[in-house]
Amino acid sequence: MKRYSTYIIIICVLLQMGIINAYGQTTLMAAGVTKISNGEIDQFTPYAFCNEQPAKAELDKLPTGKFPFNITDIKITINKRGVVVEVPLDPREQLYGFGMQIGSFNQRGLKKRPIVNDNPLNDLGYTHGPATFYVSNKGYGILINTARYTTFYCGSTAKLKNTGDTSTAVKSGNSVEELYKNNRKTSGYVTADIPGAKGIEVFVFAGPDLKNVMQRYNLFGGGGALPAIWGLGVKYRVKADFNQSQVDKMAAYFRDNHIPCDVLGLEPKWQTAAYSCSYVWNKDLFPTPNKFIDSMKSKGFHLNLWEHAFVSPKSPLYEPLKNKAGNYLVWNGLVPDFADSAASRIFASYHQATFVQQGISGFKMDECDNSNISFGSDTWSFPELSQFPSGIDGEQMHQLFGLLYQKTIYKIYKRLNQRTYLDVRASNAFASSYPAALYSDTYVHEEYIRMILNSGFAGMIWSPEVRESNSVKDFMRRSQTAVLSAQTLFNSWYLKNPPWLQINREKNNKGELMDNAQTVEADVRQLLNFRMSLIPYLYNAFAEYHFKGIPPFRALVMDYPEDKNTYNLSDEYMIGNAILAAPLTEKQDERKVYLPQGIWYDFNTNQTYEGGKEYTIKPTLTQLPIFIKAGTILPLAKPVEHVAPDTKFEIICYVYGHADAKATLFEDDGITFNYEKGGYNTLNLTWNKNKGEVKREGKFKSTRYLIKKWQLIN
């Protein structure tokens with residue numbers, strides 16, 4: 001026994017020194033999901049806060065995946081610095097993910113640090129969604145379950161080998177350019193460096209293909225989010241200093257001019273204090289808030305309130321949370337310890353009673369990321385050395401703060417059996433089930449498009465909101481992208497009038513409208529009407545996200561992983577199963593678009609294109625740059641100005657191509673979680689022998705969709 005004990009002590013010492021590389025204990029968590037554990041696991045990790053149960057029945061239905069390496073080849077080294085994880089990497093592999101990356105798409109050969117940041121510039125890996133999760137086109141995904149600042153070397157480093165082994169040596173060069181040139185195939189590993197950790201969990205998700213990996217990841221976290229159906233309409237945020245009367249006038253403008261809008265967002269000054277937050281109605285601007293909420297509801301508008309989580313001394317929440325907050329202030333406000341369930345309950349209970357039960361439909365959760373760590377002058381947020389009563393430190397809290405914040409708010413609506421669609425500025429891993437769209441204060445249009453694709457690799461929802469514009473062309477191109485995204489949002493927090501009436505900020509706030517304002521307004525109305533037509537299709541795509549784990553917006557490489565032309569294609573994406581979108585920016589009158597295998601139809605002209613080729617397209621400012629795959633039944637509804645609880649969508653089913661086709665629509669009340677108990681229908685749409693047929697199956701007793709017509713597109 002004494003000899004055995006001595007042996008164990010020696011092993012532990014060697015592990016601590018980093019002399020022993022350990023594989024760790026493996027646990028099968030669900031079909032195709034394996035966890036490798038080694039060392040002392042941190043208490044505060046993304047998975048530790050995932051309360052949603054895996055959708056095991058759906059996971060069991062996925063095809064069996066096979067890794068391109070032995071799972072025992074994943075190396076975990078624990079040393080004095082922390083933990084190092086090494087995952088085998090094939091020379092031909094392509095890598096995607098690491099959260100909501102803004103500056104890059106294919107991550108092969110890069111160094112990535114997915115650290116939460118309010119202004120994620122310079123392609124360092126800083127992001128609003130710092131998920132330590134990546135996927136490979138070889139059909140697997142790796143999640144390092146940590147809230148610590150982690151660095152990934154994506155095949156970009158070469159270790160010293162045994163004498164004579166030069167298999168992955170970097171070729172030397174004579175010029176400075178050659179010397180510093182990035183060799184994207186240097187290493188046979190993805191290496192993750194986690195300083196400060198004493199142990200780690202690695203989740204390995206099987207394919208067999210890239211889409212199956214993402215399905216597995218999303219289903220393991222409880223399934224994708226299914227927002228309230230009205231959230232798929234149009235959201236408009238009014239000027240920050242608008243009062244009750246001005247918001248009412250803006251609501252009247254939308255209805256009088258027949259411009260679709262479902263949600264009006266109030267910005268900071270609805271509160272008595274905003275930096276930090278009081279969470280108390282400003283009665284000078286909103287003298288009768290409950291009557292105001294009821295008035296907006298009667299006109300078909302949902303209200304969304306801006307806030308952040310830093311609690312002002314003026315807030316009724318200050319005293320209850322004073323002993324359940326971090327030891328540093330932000331804007332003289334408390335930082336709630338959302339890692340403590342008691343703090344979350346206090347925060348949530350107040351919001352439930354004060355706002356949600358009074359009719360507020362959602363919240364914009366701002367400032368929950370971090371000061372811009374690229375610049376030493378940006379210091380507004382709490383420091384990494386912060387300590388919280390739960391035991392979590394500032395570094396881990398930064399990485400998890402947005403995730404825990406949205407979870408706190410979402411659970412209010414879940415308890416009340418009321419669906420929502422939230423806005424949040426930070427998230428993390430295992431957030432798939434939360435109906436919260438990420439947004440950013442950055443504003444490069446090309447990056448906004450890229451983040452639509454990257455959201456599909458992160459299990460997150462991205463909102464490429466429209467704010468200021470350089471020109472009408474810039475505004476319209478951005479509006480097209482917003483219409484072709486998970487949330488169509490116009491953020492006019494600094495504009496008195498809608499941006500389509502005057503793009504110049506100074507003139508807009510003086511009430512000086514553009515000479516062509518009515519023309520631009522008509523063009524915007526046309527785009528937004530298409531968005532409303534698309535709601536049944538989008539809603540079905542989100543239902544497939546929830547029930548099957550398929551991202552509703554995703555890169556082409558996810559659907560066509562064997563097509564090398566899709567590996568680096570970062571400005572085209574799939575919407576659902578049938579629509580390919582290829583947005584343009586202000587810089588473009590035309591663009592090249594690559595169409596994968598098959599036959600594709602230009603939505604605007606019905607012209608057909610053979611897949612596997614690249615084409616040049618020249619869509620106008622009112623023509624949405626989308627293509628429809630042959631064999632598709634595309635259900636488009638008659639536009640409505642807003643989605644009411646009793647809205648019935650009148651639908652035309654457009655059939656693309658001569659072959660028989662099938663499609664589905666998900667039908668439920670759109671506003672409760674009754675679908676989780678089977679309260680929904682599936683509409684099976686079939687085109688067979690030049691005839692359309694609808695078959696409705698399910699337990700939902702009412703009707704949302706009326707199929708009025710079938711139209712063949714040859």
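Me: Where does Asn417 sit, and what makes its phi stand out?

Reply: In this predicted model, Asn417 lies in the loop between helix 9 and strand 17. Its phi is positive, about 55°, although Asn417 is not a glycine.

Me: Why is Asn417 called partly exposed?

Reply: Its relative accessible area is 31%. Buried means under 20% and exposed means over 50%, with partly exposed in between, so Asn417 at 31% counts as partly exposed.

Me: Which residue in the loop between strand 25 and strand 26 has a positive phi?

Reply: That is Asn606, found in the loop between strand 25 (599-602) and strand 26 (608-610). Phi of Asn606 is near 65°, and this residue is not a glycine either. With 31% relative accessibility, Asn606 counts as partly exposed.

Me: Back to helix 9, then. What makes it part of a β-α-β unit, and of which hand?

Reply: Helix 9 (residues 394-415) forms the unit together with strand 16 and strand 17, and the unit is right-handed. That name applies because, with the strands pointing away from the viewer, the path from the first strand over the helix to the second runs clockwise.

Me: How do you know that strand 16 pairs with strand 17?

Reply: Two strands pair if there are at least two bridges between them. Strand 16 and strand 17 (residues 422-424) are joined by 2 bridges and run parallel, so they count as paired. One of the partnerships is Met365 with Val424 of strand 17.

Me: How many bridges join strand 15 to strand 16?

Reply: There are 4 bridges between strand 15 (residues 302-307) and strand 16, and these strands also run parallel. Here Asn304 has Gly362 of strand 16 as its bridge partner.

Me: What makes both faces of strand 16 covered?

Reply: On one side of strand 16 (residues 362-365), Gly362 and Lys364 are buried, and on the other side Phe363 and Met365 are buried. Buried means under 20% relative accessible area.

Me: Now to the open sheet of 6 strands. Why are strand 2 and strand 6 said to stand at the edges?

Reply: The order is 2-3-12-9-8-6, with antiparallel pairing. Strand 2 (25-30) and strand 6 (95-97) each have a single partner strand, so one side of each is left without a neighbour in the sheet. From one strand to the next, the twist averages 25°.

Me: How do you know that strand 9 and strand 12 are paired?

Reply: They share 5 bridges in the antiparallel sense, and pairing asks for at least two. Leu143, for instance, has Phe203 of strand 12 as its bridge partner.

Me: What lies across this sheet, and what comes just ahead of it in the chain?

Reply: Helix 4 (residues 210-220) lies across strand 2, strand 3, strand 6, strand 8, strand 9 and strand 12, running at about 125° to strand 12. The loop between strand 12 and helix 4 holds Pro208, and the peptide bond from Gly207 to Pro208 is cis, with omega near 20°.

Me: Which residues lie nearest the centre of the largest pocket?

Reply: Trp230, Lys297, His302, Ser361 and Pro645 do, out of 20 lining residues. The volume of this pocket is about 390 Å³. Helix 6 gives the most to the lining, with 3 residues, while strand 15 supplies at least two.

Methods: Residues numbered from 1 in each chain as written. Predicted model: local features only at pLDDT ≥ 70, side-chain atom pairs only at ≥ 80, totals over all residues. Heavy atoms only, no water. Buried < 20%, exposed > 50% of the residue type's maximum accessible area, 1.4 Å probe, protein only. Axes fitted to C-alpha atoms, helices over the stretch in contact; angles between N-to-C directions. Contact = heavy atoms within 4.5 Å. 1 Å grid on protein atoms, 1.4 Å probe; cavity = no way out; pocket = protein on both sides within 12 Å on 5 of 7 lines; lining within 4 Å. Points joined across faces, edges and corners; volume = space filled by probe spheres on them.
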